[in-house]
Amino acid sequence: MLVAATVPHNSRKCCKHGSHINPRSQGGSNAADNILWEVGVDNLRRGAKVMTVGEQFYIRVYNAVDSIVSNSGTIAKLGITATVTAILTQVVVTAISYSLDLYRGDITVEEYKNLIFEAAKAAGIATPIVFLVLVAVLALFPEFTVILSAPVVVAGFNALFSISIATPIIQSLVRHIEAGGFGIETTSAE
């Protein structure tokens, strides 16, 4: 049984089919793990043969490229948003983390600026790379989106993000206390 969908596609082929990896005629099921969306002409050409590993890989890569190309505008906007957000977050966290060091005179204004610039540069380089790898993996293996959207996974990512923000700030406070901060200011203020 072929499941056809009229999915806009390139001019060479008009629609995709829900192709069975193991055909129903050979005991295959209609379960999601036994079906890949494939160009209809290719599915019809294979007929009732079992889909080879090579064919499965080709279909996944073809669908991933097709999905990325057809959604490139949205992906680009998300990538830019993620990168800008990461850069701004790193700039703010770094500025807060080294403010007390600057206040104590442990670093110069120039060093302070350089630390902030380097953090922004690192985020500006790393974020697009991680984003593109994530997009490619999700395009190749769309079933991972279910795993990544699970509440426990989302909570884990949020916890890691929170820790990555809190850790440098806590380290800054520890450096300040070790340098005799807080107690001296409080005493001199009285």
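**Entry 1: helix α4**

What span should the 32 residues of helix α4 have at 1.5 Å a residue, and how far apart are its end C-alpha atoms? I started here, keeping in mind that this is a predicted model. Helix α4 takes in residues 109–140, so at 1.5 Å a residue it should span 46 Å. The C-alpha atoms at its ends sit 47 Å apart, which agrees.

Next I looked up which residues of α4 are buried. My list has Tyr112, Ile116, Ala119, Ala120, Ala123, Thr127, Phe131, Val135 and Ala139. What do the buried residues of α4 pack against? They pack against α2 (53–70) and α3 (72–104).

**Entry 2: the largest pocket**

I moved on to empty space. Rolling a probe the size of a water molecule over the atoms shows where such space is left. The largest pocket comes out at a volume of about 660 Å³. It is lined by 25 residues, and the closest to its centre are Trp37, Asn63, Leu138, Ala139 and Pro142. I had already met Ala139 as one of the buried residues of α4.

Which element gives the most to the lining of the largest pocket? That is α2, with 8 residues. I also noted that β3 (35–39), α2 and α4 each supply at least two residues of this lining. Sorted by type, the lining of the largest pocket has 16 nonpolar, 4 polar and 5 charged residues.

**Entry 3: the second largest pocket**

The second largest pocket holds about 490 Å³ of space. Of the 15 residues that line it, Ala82, Thr127, Leu134, Phe157 and Phe161 are the closest to its centre. Thr127 was on my buried list for α4 too. The elements that give two or more residues to this lining are α3, α4 and α6 (151–178).

How many residues in the lining of the second largest pocket are nonpolar, polar and charged? I got 10 nonpolar, 5 polar and no charged ones.

**Entry 4: a cavity**

Then I looked for closed-off space. There is 1 cavity of 30 Å³ or more, and the largest cavity has about 40 Å³ of space. Its lining is made of Trp37, Glu38, Val39, Asp42, Tyr58, Ile59, Tyr62 and Asn63. I recognised Trp37 and Asn63 from the centre of the largest pocket.

β3 and α2 are the elements that give two or more residues to the lining of the largest cavity. Again α2 gives the most, this time with 4 residues. By type, I wrote down 5 nonpolar, 1 polar and 2 charged residues for the cavity lining.

**Entry 5: aromatic pairs**

Last, I checked the rings. The count comes to 2 aromatic pairs. Why is the pair of Tyr58 and Tyr62 called tilted? Their ring centres are 5.9 Å apart and their planes are at 35°, so the pair counts as tilted, since that label covers planes neither under 30 degrees apart nor over 60. Tyr58 and Tyr62 are 4 residues apart in helix α2, so about one helical turn separates them. Both of these residues also line the largest cavity. Tyr58 has 47% relative accessibility, so I put it down as partly exposed.

Phe141 and Phe144 make an aromatic pair as well, also tilted, with 5.6 Å from centre to centre and 45° between the planes. Are these two buried or exposed? Neither label fits: Phe141 has 32% relative accessibility and counts as partly exposed, and Phe144, at 35%, counts as partly exposed too.

Note on methods:
Residues are numbered from 1 along each chain as its sequence is written. This is a predicted model: local features need pLDDT of at least 70, side-chain atom pairs count only at pLDDT 80 or more; totals for chains, interfaces and linings use all residues. Side-chain values use heavy atoms; hydrogens and water are left out. The expected span of a helix is 1.5 Å times one less than its number of residues. Buried means under 20% relative accessible area, exposed over 50%, partly exposed in between (1.4 Å probe, protein chains only). Contact means heavy atoms within 4.5 Å. On a 1 Å grid over the protein atoms alone, a cavity is a set of points where a 1.4 Å probe fits but cannot get out, and a pocket is an open set with protein on both sides within 12 Å along at least five of seven lines; lining residues have an atom within 4 Å of a point. Grid points are joined across faces, edges and corners, and a volume is the space filled by probe spheres set on the points. Ala, Val, Leu, Ile, Met, Phe, Trp, Tyr, Cys and Pro count as nonpolar, Asp, Glu, Lys and Arg as charged, and the others, Gly among them, as polar. Rings of Phe, Tyr and Trp (its six-membered ring) pair if their centres lie within 6.5 Å; planes under 30 degrees apart count as stacked, over 60 as edge-to-face and the rest as tilted.
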